[in-house]
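This report covers aromatic ring contacts and charges placed over rings. The sequence and structure come first.

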Amino acid sequence: MPKAPGSVGSGTGGATVLKRNQACHQCRRRKLVSFNIDARRPCSTCVRSHKHARDHAQPGVNLPERPECTFDEVATTETPSTPSDSPKNRFERLETRIKELEALLSQKEQATSPDANPSSSSTLSSIQNSPASIQSVPSNSRPGSASTMNFPSDLESLLSPSNLDMNAQTTPFLLADVIWSHWPVNLPHPELIRHLVDMFFLFHPHASRLFHRANFIASLSYPPDHPDFPVAPVLHAICAPDLPDTFAEQQASHAKETVEKYLNRGQHLVQCVQTYVLLTWYYWCHSKSLFTCSGQSLRVAIPLGLNICPPFRSLLGSSPTMSIISPPRTPIEDEIRRNTFWLAYAVDRQHGSGTGWALSLDDDDIAQVFPVTMEQFELGIPVNYNVRQWCHVREAVLFHPPDITDSFTLYIKSTMLLSFVKNFNHRYRIKSNLGDARFLPARNFATQVYGDQPDIRSSPAFLELDQLLMSFRSSFPGNLKDPFRNGQVDTHLYTTFLTAHVNCTSAAKILESARAILELIYAMWSTNYDIGLLDYFCSFCWYLAGQCFGRFLHVAQEAACVQQIDTLRAELDFVRMALSKMAERVPLSCTLFG
């Protein structure tokens, strides 16, 4: 297809599109537009793909030293047709060429079969051109799992304004010779997209829950117009978090603009919700208002039926179905939708706990099961609803069946506890004014003086919630009691431990919880883990602990208690130091620290 002026090809310094059959066999098999950049043999694309395959080869796979890159044998000078170049001779050459192509196709089919020999050159060619070839990150590299995990320092310099021209569809430092002719506008170069996606799955704590990692990375090798290729707003949003401000802001802006177009057309609605979740992470990380975006993610999830599961639906006869989208095709797709809802729910609850505003979706309108384990999700193992836990069963927060519980399950349950506390604080005055017995404090007429305010902590609703919080902390399974087990950091479990300590009321319990949070900060500080990669809610929990120490320090100074002053000041200073360290990567922490 001819390219319009000023498109991708214009960013390659005057490169011309190769004529038909002039690219190598491997590039032609991928049906890509090829640019004559350096005329090298092997070509730049095959060299780059071969290097990518060798750098990320699975253990035991032996790949050849040089890539397979073959060209047609073309005469250096064109000669006019001779009398001997009869139609019969031309037909024979065509038949020979067809047989060669059939042989190449047969080799590719054999290479993609389970019993193929990975060391053969034909297998290498197949691996480079198959969707699975994009799985550059080893399967055992989980986000937040390695104690020595650090964000690559060269990525920020790679994406600095001096190296990144956002007005072009290609990047100056990646002059690739092959690119899709219909690559989405404003998206970075495919190679940069793949690199950023790899970094996203490696370093973001929730990436492998919002998307199925293997399927998502494989889908990047499809043409942009393929139905399984990720939509542009998702890729824009993935490019935004934890990156330089200019690049991140522009990608977030493109994501917001394009997702609204898909919503207006009613297309790819689940991916629209995923885009909003990604944008809320970006806005929260950069200390920007995310109330509207967070609410939008849950409001869009409701007509998709992501907040409920069969058999729970409305009694309204005119609404036979609770979802405007088709049912999921596979267990993996079903769990992706469920995880998407729970991650949108978690951001809404975590952010809402620090405001006086109402939450975007009432807990009474949610009838969903908790997520499955990471292993079950990755392998696509279906889990029957009969053995799963429903979120509207309050006792499910305290019971954790080992076969269907991991740290992410506890993480979601902890956000539900935040929601319970938020609803109690937000609705207490309304409920007590209506005479709800659960929200009426007990009155002790023997000790209470006329005009004294009743003790809210004596109300049945508060006592029930306080008991639920205490029971939750002691209910963790034995294998989920240490977020630093085996020298690794489990970010979901670490955030769960912090969340369990931010919902106390009395002075003694508040100080005790603040020091429990401080112990978790000490434990994290003692590892080599990059604290900038933690869940953003962790910085808020640290801030609450520091705020508690500050208040107690003020009281101690008024009482001239020197011993308490020194202790509290040291505790406060360490929290401030931890927040300042996290602020190097998460601007939200800089706001809290300030």
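## An aromatic cluster

In this predicted model, one aromatic cluster is formed by Trp-284, Tyr-536, Phe-537, Phe-540 and Tyr-543.

## Aromatic pairs

The number of aromatic pairs in the structure is 26. One of them joins Phe-211 and Phe-216: the ring centres are 4.7 Å apart and the planes meet at 40°, so this pair is tilted. An angle of under 30 degrees would be needed for a stacked pair and one of over 60 for an edge-to-face pair. Both residues can also be placed by their accessibility. Phe-211 is buried, at a relative accessible area of 4%, and Phe-216 is buried at 8%.

Trp-284 and Tyr-536, two members of the cluster, make an edge-to-face pair, with 6.4 Å from centre to centre and 75° between the planes. This pair links distant parts of the chain, 252 residues apart. Trp-284 lies in helix 11 (residues 269-285), and Tyr-536 lies in helix 19 (residues 536-558). Trp-284 has a relative accessible area of 7% and is therefore buried. Tyr-536 is likewise buried, with 6% relative accessibility; the cut-off for buried is under 20%.

## Charges over rings

Two contacts place a charged side-chain end over an aromatic ring. The charged end of Arg-265 sits over the ring of Tyr-262, at 5.1 Å from the ring centre. For Lys-413, the ring underneath belongs to Phe-370, and the charged end is 5.3 Å from the centre of that ring.

Note on methods
Residues are numbered from 1 along each chain as its sequence is written. This is a predicted model: local features need pLDDT of at least 70, side-chain atom pairs count only at pLDDT 80 or more; totals for chains, interfaces and linings use all residues. Side-chain values use heavy atoms; hydrogens and water are left out. Rings of Phe, Tyr and Trp (its six-membered ring) pair if their centres lie within 6.5 Å; planes under 30 degrees apart count as stacked, over 60 as edge-to-face and the rest as tilted. Buried means under 20% relative accessible area, exposed over 50%, partly exposed in between (1.4 Å probe, protein chains only). Helices (H or I, at least four residues) and strands (E, at least two) are DSSP runs, numbered from the N terminus. A charge sits over a ring if NZ of Lys or CZ of Arg is within 6 Å of the ring centre and within 35 degrees of the ring normal.
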